[in-house]
Amino acid sequence: MSRRGFTLLELLVALAVVALAAAVAGGGLDVLGRALARERRAAAETRASALAHERVRLELARALPLDWGPPQRPLSAFLGEPERVRFVNAAGPFRAEEGLVLVELALEERAGSRLLVLRRTGLVRDGSGFARLAEAEPVPLATVGAGAAFGYFGVREGRREARWWPDWPAGPRLPAAVRLAGDGDGPGLVVRLAVDTPLACLGQRAGGGAACR
């Protein structure tokens, strides 16, 4: 009984089929790998955004409405702009040795990306105001959208209604809330400030002074 082997043509066809199957499988694995990488990047960005938002909440929650300059030159404790917000902050828990600090949350362009950056430095009553923040080391918190901006909710001087404003003028009175949002991002991150009434006005009656009204 004769045994018939594979012909050269059959071997070539079989090798071609195996190579095709390997290429298809490899392409599928490559697509799967890219999809998993995208999911990991998205998850990492979501975690970074959540941590950044929590840090912003913690910093703004301790903002203090006070004049913090020397008696001969009062300085404002809060200054809000679309690109950045600066304020005086109380030291966090278990960090009482730091005393009061200056804080800046800023939106900055870096290497083609828009970043949310934090700066903190100790408060010195030398009349320099927020200028000392320029020397503080920036800490990148998260990447934000191109249209991201800060907004401020409250009643401005000379106004009766509370509304969102693109900026907040220098003064001891803080806005009721601060928002960080981009174009089409809905309400974004909204932080309710714990105290927005100047400390000098606490305990006074409604007619105590123009700054307290």
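In what order do the elements of the protein chain run from the N terminus on? The order is α-β-β-β-β-β-β-β-β-β-β, which amounts to one helix and ten strands. The model is predicted, and the protein chain averages a pLDDT of 78. The strands described below belong to two open sheets, one of six strands and one of four.

**Overall make-up and confidence**

- The protein chain has 213 residues, of which 32% are buried.
- Among contacts between residues at least 6 apart in sequence, 50% join residues at least 24 apart.
- A pLDDT of at least 70 is reached by 75% of the residues.
- Confidence is lowest in helix 1 (residues 8–61), where the mean is 76, and highest in strand 6, at 94.
- Over residues 204–211 the pLDDT falls below 50; beyond near neighbours in sequence, this stretch has seven contacts in the model.
- Where pLDDT is low, the predicted coordinates should not be read in detail.

**The six-stranded sheet**

- The strand order is 5-4-3-2-1-8, the pairing is antiparallel, and the sheet is open.
- Strand 5 (139–144) and strand 8 (168–171) stand at the edges; each has a single partner strand, so one side of each is left without a neighbour in the sheet.
- From one strand to the next, the twist in this sheet averages 20°.
- Within the sheet, strand 3 (residues 100–110) pairs with strand 4 (residues 113–122) in the antiparallel sense, over ten bridges.
- Glu104 stands opposite Arg119, a residue of strand 4.

**The four-stranded sheet**

- This open sheet has the order 7-6-9-10, again with antiparallel pairing.
- Its edges are formed by strand 7 (163–165) and strand 10 (189–192), each of which pairs on one side only.
- The twist averages 25° from one strand to the next.
- Strand 9 (residues 177–181) and strand 10 run antiparallel and are joined by four bridges.
- Opposite Arg179 stands Val190, in strand 10.

**Aromatic pairs**

- With ring centres within 6.5 Å as the cut-off, the count comes to three aromatic pairs.
- One of the pairs is formed by Phe78 and Tyr152; the arrangement is edge-to-face, with 6.1 Å centre to centre and 85° between the planes.
- Phe78 lies in strand 1 (residues 78–80) and Tyr152 in strand 6 (residues 149–154), so this pair ties together parts that are 74 residues apart in sequence.
- Strand 1 has its place in the order of the six-stranded sheet, while strand 6 appears in the order of the four-stranded sheet.
- Both Phe78 and Tyr152 are buried.
- Phe78 and Tyr152 also belong, with Phe87, to one aromatic cluster.

**Charges over rings**

- Arg163 places its charged end over the ring of Trp165, 4.0 Å from the ring centre.
- The charged end of Arg179 sits over the ring of Trp164, at 4.2 Å from the centre of that ring.
- Arg179 thus appears twice in this account: opposite Val190 in strand 10, and over the ring of Trp164 through its charged end.

How values were computed. Residues numbered from 1 in each chain as written. Predicted model: local features only at pLDDT ≥ 70, side-chain atom pairs only at ≥ 80, totals over all residues. Heavy atoms only, no water. Pairing = 2+ DSSP bridges. Axes fitted to C-alpha atoms, helices over the stretch in contact; angles between N-to-C directions. Phe/Tyr/Trp six-rings, centres within 6.5 Å; stacked < 30°, edge-to-face > 60°. Buried < 20%, exposed > 50% of the residue type's maximum accessible area, 1.4 Å probe, protein only. Lys NZ or Arg CZ within 6 Å of the ring centre and 35° of its normal. pLDDT = per-residue confidence, 0-100. Contact = heavy atoms within 4.5 Å.
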